[in-house]
Amino acid sequence: MKNRKRNWFAYLFVTLLLVFLLMPIIAISLYSISKSWTTQILPEEFTFDYYGELFSMPDFFLAIVRSIGISLLSVGLCIGILLLALYVVLVYKPGWEKMLSITVTIPYAISGVILATSLLSLYAGGPWPLSNRLVMLTFAYCIVILPYVYQGIRNSLYAVNVHQLLEVAEILHCKKLRAFFTIIVPNIFSGITISALLAIAIVFGDFVLVKTIAGTSFFTLQYYLFNAMLKSGTRGGAVVFVAFLITLSIAFLAFNLQEKGSKHRAQL
Amino acid sequence: MRTRKQSHTYLLAILPFFLLVILFLFVPMISMLFKSFRSPETGAFTLNNYVTIFTKRYYLMSITNSLQVSLISTAAGIVIAFIAAFCFQKLGKKYRKVYTSALNMTSNFAGVTLAFSFMLLLGKTGTLVTLAKQMNMKSLADFDFYSVSGLMITYIYFQIPLGTLLLIPAFDSIKQEWKESSQVLKANSFQFWLYIGIPVLMPSILGTLSILFANSLSAYGTAYALMGNNFSLMTIRIAGMFTGDVVQQVELGSAMSTVLALLMCVSVVINMKYMGKAGELRK
């Protein structure tokens with residue numbers, strides 16, 4: 001009896017919490033399809049016009065393309081750089097791993113605003129290509145996502161027996177570097193994909209770096225969102241909802257892959 | 001000879017990594033540290049930038065505001081997250097799934113998006129405010145969202161899903177047998193949690209606490225979207241000092257950045273210390 005009473009409390013608490021957490025999301029989705037919403041708790045009239053309007057605007061599309069483009073570019077670069085580094089550490093210099101793992105945790109301790117401002121003040125008048133805002137932004141993102149991508153790649157590398165696989169490959173006269181990229185990397189592909197998706201979601205949702213480093217010269221979706229919010233038009237609601245849906249689908253894709261992976265491992 | 005040549009070529013593979021962290025992490029950080037000790041007028045070594053930050057009300061306020069908002073939102077966040085993770089254990093399987101999905105979803109809801117959505121609810125013509133006016137609920141109807149309390153609500157909002165998701169796995173380390181043995185020894189549930197449950201969970205709680213603290217300390221988007229440059233937080237002041245429309249104060253900004261980085265470092269070190277312990281415990 002006592003137990004059931006306590007369970008009742010748990011359900012009540014969690015339900016109330018969910019109401020609080022979901023309230024802003026429900027509000028924004030309703031707002032984005034409401035024609036007029038002034039005096040009542042629910043909108044008086046619904047319309048999908050804002051979405052139609054939004055998707056017919058070229059600069060909205062361009063903002064999405066820019067956001068996705070820079071996410072893919074920086075995450076791809078970061079993965080490539082880390083794979084090469086981890087190859088050297090695993091195969092030739094195991095002693096360097098400690099240094100590598102400490103280095104990649106530093107970005108955790110640096111707030112985005114510090115990274116952005118320090119890069120800007122150092123390279124803004126500096127030599128090309130460092131002074132190029134897009135170059136600065138891309139590599140700044142690489143730094144921000146470094147800890148997440150590293151953890152993902154490292155964990156999956158340890159799940160496969162790298163040394164044994166490489167030794168076998170060498171016996172079969174395959175060069176180590178080639179073996180690493182043709183045998184090991186495909187083996188850990190799903191692990192890399194999960195951390196890549198999480199990193200993409202981080203870059204996609206960034207506002208502080210793009211605002212500080214690139215300013216209006218690189219108009220991403222988050223920037224578009226910010227401007228729409230300032231104008232406070234109903235269209236802003238639609239922009240928020242689209243941005244949120246994109247982030248959500250990236251996160252859920254990663255989550256599902258992870259679930260699949262753990263089920264697969266459990267079966268093994 | 002050949003082996004020596006080979007031992008040099010493989011190092012080329014790690015070169016991009018070194019270039020990345022040196023050019024975009026170490027050099028900017030070190031240059032920031034140097035600039036924070038440089039006089040804006042003469043370029044000579046000085047401690048004045050730090051003195052200014054800690055004595056002038058304008059700058060000091062951003063530090064105290066940042067600390068205040070972070071501490072309160074972290075405290076509220078950890079209490080709610082603790083109860084939320086505790087309740088998770090008592091739920092049925094289906095409801096658990098709904099719950100974790102909602103937590104995962106809302107943990108992605110941050111920055112400008114979050115500020116905008118809350119504005120629709122609690123802004124001057126927000127739904128909840130309008131409703132409160134109709135129902136004559138004065139305290140909610142007069143709520144000023146563009147203030148510290150409004151900011152606090154959005155901060156607490158983004159702390160809850162993160163904290164809960166971090167704490168849920170920790171509760172798995174509380175073994176059912178412990179509860180049974182404590183019952184045999186005639187301890188009630190409150191005593192069990194006070195003397196066994198919470199002490200066992202302490203490393204995870206402290207670890208989560210430090211993550212939440214660092215998370216709110218470094219937040220920028222939500223606050224900027226809500227109040228622009230009108231509210232004094234460390235992150236907002238730093239961004240303003242480097243990209244200011246009127247004057248740029250690189251040296252002062254660097255000093256402020258260094259203070260913020262130090263605060264962040266402290267919480268990250270605390271986190272590593274306790275999360276490591278929590279991990280060992282679970283094994």
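Among contacts in chain A between residues at least 6 apart in sequence, what percentage join residues at least 24 apart? In this predicted model, the share of such contacts that link residues at least 24 apart is 73%. Chain A has 268 residues, of which 43% count as buried.

The secondary structure of chain A comprises 12 helices and 2 strands. Read from the N terminus, the order of elements is α-β-β-α-α-α-α-α-α-α-α-α-α-α, with the two strands following the opening helix.

Helix H6 of chain A spans residues 133-159 and contains 27 residues. From its first C-alpha to its last, helix H6 of chain A reaches 38 Å, which is close to the 39 Å expected at 1.5 Å a residue. A bend of about 55° is nevertheless present in H6(A) at A:Ile145, and the proline A:Pro147 follows within four residues.

Contacts between the two chains involve 62 residues of chain A and 59 residues of chain B. On the side of chain A that touches chain B, at least two residues each are supplied by helices H1 (2-32), H3 (58-91), H4 (97-109), H5 (112-123), H6, H10 (208-214), H11 (221-231) and H12 (234-267) of chain A. Of these, H1(A) gives the most, with 16 residues. By residue class, the side of chain A that touches chain B divides into 48 nonpolar, 13 polar and 1 charged. The bent helix H6 of chain A is thus also among the elements that contribute to the side touching chain B.

How values were computed
Residues numbered from 1 in each chain as written. Chains lettered and ligands numbered in written order. Predicted model: local features only at pLDDT ≥ 70, side-chain atom pairs only at ≥ 80, totals over all residues. Expected span 1.5 Å × (residues − 1). Bend = angle between axes of the 7 residues up to and from the residue. Contact = placed C-beta atoms within 7 Å. Nonpolar A, V, L, I, M, F, W, Y, C, P; charged D, E, K, R; others polar. Buried ≥ 20, exposed ≤ 12 C-beta atoms within 10 Å, placed from the backbone.
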